[in-house]
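Dear colleague,

I am handing over the structure below for your files. My notes on the sheet, the core, the charged pairs and one backbone angle follow it.

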Amino acid sequence: ESKIRENNQSFFVPTLVKKNSLINITFEITDIQGYNLKLYDASGRLAKNIHQRVSIPGIHTAEISIKGLNSGVYFIRLESSTNPKIGKLIIY
């Protein structure tokens with residue numbers, strides 16, 4: 001699991017994941033705001049767009065299915081009104 005903590009925000013991404021499983025991405029939002037989670041492959045192409053809105057500060061978890069994705073390196077990007085966060089994910 002990789003953890004990014006910056007500007008009082010945390011972002012937890014599992015590092016190694018088996019194909020066709022579900023993963024949980026945990027992150028902290030400190031202000032009332034919306035966010036986007038996007039999954040990109042190693043070449044920078046959008047592999048999956050997960051869009052959710054958060055209306056309250058706190059720690060949140062998003063469950064993501066990686067079913068149908070090929071083995072390889074992916075990047076999960078958390079976009080919010082503050083600086084974006086990126087976590088690395090390896091599917092095997």
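**Sheet**

Five strands make up an open sheet of mixed pairing, ordered E3-E9-E8-E5-E6. Its edges are E3 and strand E6 (46-52), each of which pairs on one side only. Please keep in mind throughout that this is a predicted model.

Strand E9 can be followed on both of its sides. Towards E3, the two strands run parallel and are joined by two bridges; here Leu16 stands opposite Ile90 of E9. Towards E8, the strands run antiparallel, with seven bridges between them. Among the residue pairs on that side, Leu78 has Lys85 in E9 as its bridge partner, and Gly72 is placed opposite Ile91 in E9. The connection from E8 to E9 is a hairpin through four residues.

The two faces of E9 are not alike: Lys85, Gly87, Leu89 and Ile91 form a covered face, while Ile86, Lys88 and Ile90 form an uncovered one. Leu89, on the covered face, comes up again in the core.

**Nonpolar core**

The largest nonpolar core has 20 residues, and those touching the most other members are Phe11, Ile23, Ile25, Phe27, Leu37, Ile76 and Leu89. Two or more residues each come from strand E2 (9-13), strand E4 (22-29), strand E5 (35-41), strand E7 (58-65), strand E8 (72-80) and strand E9 (85-91). The largest contribution is that of E4, with four residues.

Which residues does Ile23 touch, leaving aside those up to four places away in sequence? They are Pro14, Val17, Ala62, Glu63, Ile64, Ile66, Ile76 and Leu89. Of these contacts, Ile76 and Leu89 are also listed with Ile23 among the core residues that touch the most other members. As background, nonpolar side chains in soluble globular proteins tend to be buried together.

**Salt bridges**

There are three salt bridges in the structure. In one of them the side chains of Glu79 and Lys38 meet, at 3.7 Å from N to O. This pair connects distant parts of the chain, as Glu79 is in strand E8 and Lys38 in strand E5, 41 residues apart. Glu79 and Lys38 are both buried.

Glu79 also meets Arg77 through their side chains, with an N to O distance of 2.8 Å. Arg77 counts as partly exposed because its relative accessibility is 26%. Through shared partners, the salt bridges join Lys38, Arg77 and Glu79 into one network.

Asp41 and Arg45 form a salt bridge in which the closest N and O atoms are 3.1 Å apart. Are these two partners buried or exposed? Asp41 counts as buried, since its relative accessibility is 14%, whereas Arg45, with a relative accessible area of 56%, is exposed.

**Backbone at Asn20**

One residue is worth a look in the backbone plot. Asn20 is not a glycine, yet has a positive phi of about 60°. Most residues other than glycine have a negative phi. Where does Asn20 lie? Asn20 is in the loop between strand E3 (16-17) and E4. With 49% relative accessibility, Asn20 counts as partly exposed, because the exposed class begins over 50%.

Regards

How values were computed. Residues numbered from 1 in each chain as written. Predicted model: local features only at pLDDT ≥ 70, side-chain atom pairs only at ≥ 80, totals over all residues. Heavy atoms only, no water. Core = buried A, V, L, I, M, F, W, Y, C linked by side-chain atoms within 4.5 Å. Buried < 20%, exposed > 50% of the residue type's maximum accessible area, 1.4 Å probe, protein only. Contact = heavy atoms within 4.5 Å. Salt bridge = Lys/Arg side-chain N within 4 Å of Asp/Glu carboxyl O. Pairing = 2+ DSSP bridges.
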